[in-house]
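Subject: Structure handover

Hello,

Here is the structure for you to keep on your side. My notes on what I found follow below it.

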Amino acid sequence: MRDLSHYRNIGIFAHVDAGKTTTTERILALTGKIHKIGEVHDGESTTDFMEQEAERGITIQSAAVSAFWKDHRFNIIDTPGHVDFTVEVYRSLKVLDGGIGVFCGSGGVEPQSETNWRYANESEVSRVIYVNKLDRLGADFFRVVKQVEDVLGANPLVMVLPIGREDDFTGVVDLLTRKAWVWDGSGDPMKYEILDVPADMEADVEEWREKLIETAIEQDDDLMEAYLEGEEPSIDDIKRCIRKGTLSLDFFPTYCGSSFKNKGVQLVLDAVVDYLPNPTEVDPQPIVDKEGNETGEKAIVSPDEPTRALAFKIMDDRFGALTFLRVYSGKLEKGMTVLNSFTGKTERIGRIVEMSADDRIELDSAQAGDIVAVLGMKNTQTGHTLCDPNNECTLEPMVFPDPVISMAIAPKDKGAAEKLGIAIGKMVQEDPSFQVETDEDSGETILKGMGELHLDIKIDILKRTHGIEVTVGKPQVAYRETITAQVEDSYTHKKQSGGSGQYGKIDYIIEPGEANSGYQFESKVVGGNVPREFWPAVEKGFKGMCEEGVLAGYPLLDLKVTLVDGASPAVDSSAVAFELAARGAYRQSIAKAAPQIIEPIMKVDVFTPEDHVGDVIGDLNRRRGMIKSQDAGATGVRIKADVPLSEMFGYIGDLRTMTSGRGQFSMEFSHYNPCPKNVADEVIAEAAERKAAK
């Protein structure tokens, strides 16, 4: 039986280019997992093993690796930083117990850092902070610490101070031990000396050490009392308090270094062991019923409990589909049968493998706390629970955001059509934020995703991995419709043609719902004019029609329907009659309720050098953007704005032109807003053209 207190399931997450993957490479080198360090910029890193990742120097899918440090087993997930792939971060956080938030020493807290930090807060994941790239021009550890406080509203607990700045960065001072870790210039992570604190840093070290101790011992009243009376706590006591505060998210131990130059990573690994939780120290996963409501039961992390595991990722590789599982309780053994509580079908566990990026080590079994991959699962999808057939249960599932952009594709030749269907089926399994549908009239395949880059990568994977050439239409925005006025109306569905007929009369109110409320239905019928058993049919009729708005055929959002009265003769009334009455009522009344087209608005975060700020803001204004804020940093200005998605296609090219290639941006979906009349007219006209063409 393995000791769970020596397990650490951790994720590494940050903004694009903060150095997550390089940091993971250094961790693997230090833990003896790899002997030659691969560089991201050479396209040789261990965890970025997709062609598209190596080529673009970005991480697209989360990679799982196991490694050991000081008798502790680390299951590490290196997650993507690009906003189009946040679903990978989200699903990784769901199965992790702790994390390392990596920030760039010169870029600081960047847009995607905020999104990932928010996800980690929602998932209540304990974190240590690592400020990387301190050897870079403009790097400033203390500025980043201040940004963590101001932008993220977090409480960083500074554990080390940097020695030297930019090119002169040579190491760090550990505040707890008052020792300086100094690396030589060889780039070998093991070539360091532990020395006394440099004389010119002694005052700073004492000042920050005092802050560290005062913050830490707030976790223990007895220690606090003794400290106020002049008694300094032992290092073990301070560490115990830091661990307690880290687990309760009161503060985040903060380190710094340069992963690329191999300086400072050992202290981060020690912090993972000392301060991040093992699987038994995290709130157990809630068990839910079929509707997703909590039952009050929990999946206790113990090998002696019934088997419960969550599938959090499917990955297709040369050996077939790999299903990544986090085992929450019990054991998984080769050859055993488990129940998929979502499908109600049993699956046999074939090969269990421990992942080291795209290498794999065969295992006979796995236990509570493990993250492993299983080969040969037939019907298991992301978010499904696998459990003991005699103890059926469902773990809290994952919720994924809706896509905001779509694109039509078609195979270039007839022979590729069948291959395309199989390839897309695999890709949808791997990525829940990627959706596909077929336009019934035109027969076109419509891909839906989180952004231009997201769909761009998918088309690239189709071409390279699956060898399918496709023609691509221009990106389409996921417009929606809503209503702005209240309508009180009545509708009667009557059909008589010999024998029993159909009759259903409803009186109802249709009105705009609250923003993001979706579809709501309420019945205020008193007496038996519309018998209670027919209310669900009325609700279903209206809900089904919301899939298609009356202006341009886009789904209708934020609608409230109240059934107030009606009539139902005993002979001809049926659920079908009332469902059809609701459908007819929708067609009759929505047009009277002042419908309008609404468009997705994106939260856009642009980074630009100072001398191009005017151009960038002017351009965002031309794109109907609403500027929210401007923050000047050491290396440039961050501009936050809300901009309609329809105006953002091809933005990266324009931004690079405006800023001589130095500008960067990220965006994520924020909310829906009414379209201006000229845009709405265009959308409606395009929809009419499409209809006519069919």
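To begin with one residue: does Ser-126 count as buried or exposed, and why? Ser-126 counts as buried, because its relative accessibility is 3% and the cut-off for buried is under 20%. Please keep in mind that this is a predicted model.

Ser-126 sits in strand β5, which covers residues 126-132. The side chain of Ser-126 reaches the backbone oxygen of Thr-246 at 3.3 Å. Thr-246 is also on the list of residues in contact with Ser-126, once neighbours within four places in sequence are set aside; the others are Asp-97, Gly-98, Gly-99, Leu-247, Leu-249, Leu-276 and Pro-277.

The protein as a whole

The protein has 694 residues, and buried residues make up 55% of them. It contains 16 helices and 38 strands. Taking contacts between residues at least 6 apart in sequence, 71% join residues at least 24 apart. About 30100 Å² is exposed, and carbon and sulfur atoms supply 47% of that area.

Nonpolar cores

In soluble globular proteins, nonpolar side chains tend to be buried together. The largest nonpolar core here has 65 residues, and those touching the most other members are Phe-74, Ile-100, Phe-103, Met-159, Val-172, Ile-242 and Tyr-255. Helix α9 gives the largest share of this core, eight residues. There is also a second, separate core of 46 residues, with Leu-455, Ala-552, Val-643 and Met-667 among them.

The sheet under α9

Strands β7, β8, β9 and β10 form an open sheet in that order, with antiparallel pairing. β7 (160-163) and β10 (192-196) are at the edges and have a single partner strand each, so one side of each has no neighbour in the sheet. On average, neighbouring strands of this sheet are turned by 25° against each other, direction ignored.

Within this sheet, β9 (residues 179-183) and β10 run antiparallel and are joined by five bridges. One bridge to look at has Val-182 with Glu-193 in β10 as its partner. Helix α9, residues 265-275, lies across β7, β8 (171-174), β9 and β10, and runs at about 130° to β9.

The mixed sheet

Another open sheet has four strands in the order β31-β32-β34-β33, and its pairing is mixed. Its edge strands are β31 (487-495) and β33 (519-523), each of which pairs on one side only. The average turn between neighbouring strands of this sheet is 25°, direction ignored.

The pair β33 and β34 (residues 559-567) is parallel, over five bridges. In that pair, Glu-522 stands opposite Thr-562 in β34. Helix α12, residues 535-545, lies across β32, β33 and β34 and runs at about 155° to β33. Helix α13 (residues 575-589) packs on the sheet as well, touching β31, β32 and β34, and its direction makes about 40° with that of β32.

Ile-510 is a useful residue to display here; it is in strand β32 (residues 502-512). Ile-510 has 0% relative accessibility and therefore counts as buried. Leaving out residues up to four places away in sequence, Ile-510 touches Ile-483, Ala-485, Gln-486, Val-487, Phe-542, Leu-559, Lys-560, Val-561, Ser-589 and Ile-590. Ile-510 and Tyr-586 are 76 residues apart in sequence, while their C-alpha atoms are 8.8 Å apart in space.

Strand β35 and its partners

Which strands pair with β35, and over how many bridges? Strand β30 (residues 480-483) pairs with β35 in the antiparallel sense over four bridges. Strand β38 (residues 664-674) is also antiparallel to β35, over 10 bridges. Strand β37 (residues 637-644) pairs with β35 over eight bridges, again antiparallel.

There is a bridge to look at in each pair. Arg-480 has Ile-598 in β35 as its bridge partner. Pro-600 is partnered by Tyr-672 in β38, and Val-606 by Ile-639 in β37. Strand β35 itself covers residues 595-608 and is mostly covered, with 11 of its 14 residues buried.

Regards

Terms used:
Residues are numbered from 1 along each chain as its sequence is written. This is a predicted model: local features need pLDDT of at least 70, side-chain atom pairs count only at pLDDT 80 or more; totals for chains, interfaces and linings use all residues. Side-chain values use heavy atoms; hydrogens and water are left out. Two strands pair if DSSP finds at least two bridges between them. Helices (H or I, at least four residues) and strands (E, at least two) are DSSP runs, numbered from the N terminus. Axes are lines fitted to C-alpha atoms, for helices over the stretch in contact, and angles run from 0 to 180 degrees between N-to-C directions. Contact means heavy atoms within 4.5 Å. Buried means under 20% relative accessible area, exposed over 50%, partly exposed in between (1.4 Å probe, protein chains only). Accessible areas come from the Shrake-Rupley method with a 1.4 Å probe; for residues, only the protein chains shown count as cover. A polar contact is a pair of N or O atoms within 3.5 Å; within protein, one must be able to donate a hydrogen and the other to accept it, and residues adjacent in sequence count only if both atoms are side-chain atoms. A nonpolar core is a set of buried Ala, Val, Leu, Ile, Met, Phe, Trp, Tyr and Cys residues joined through side-chain atoms within 4.5 Å.
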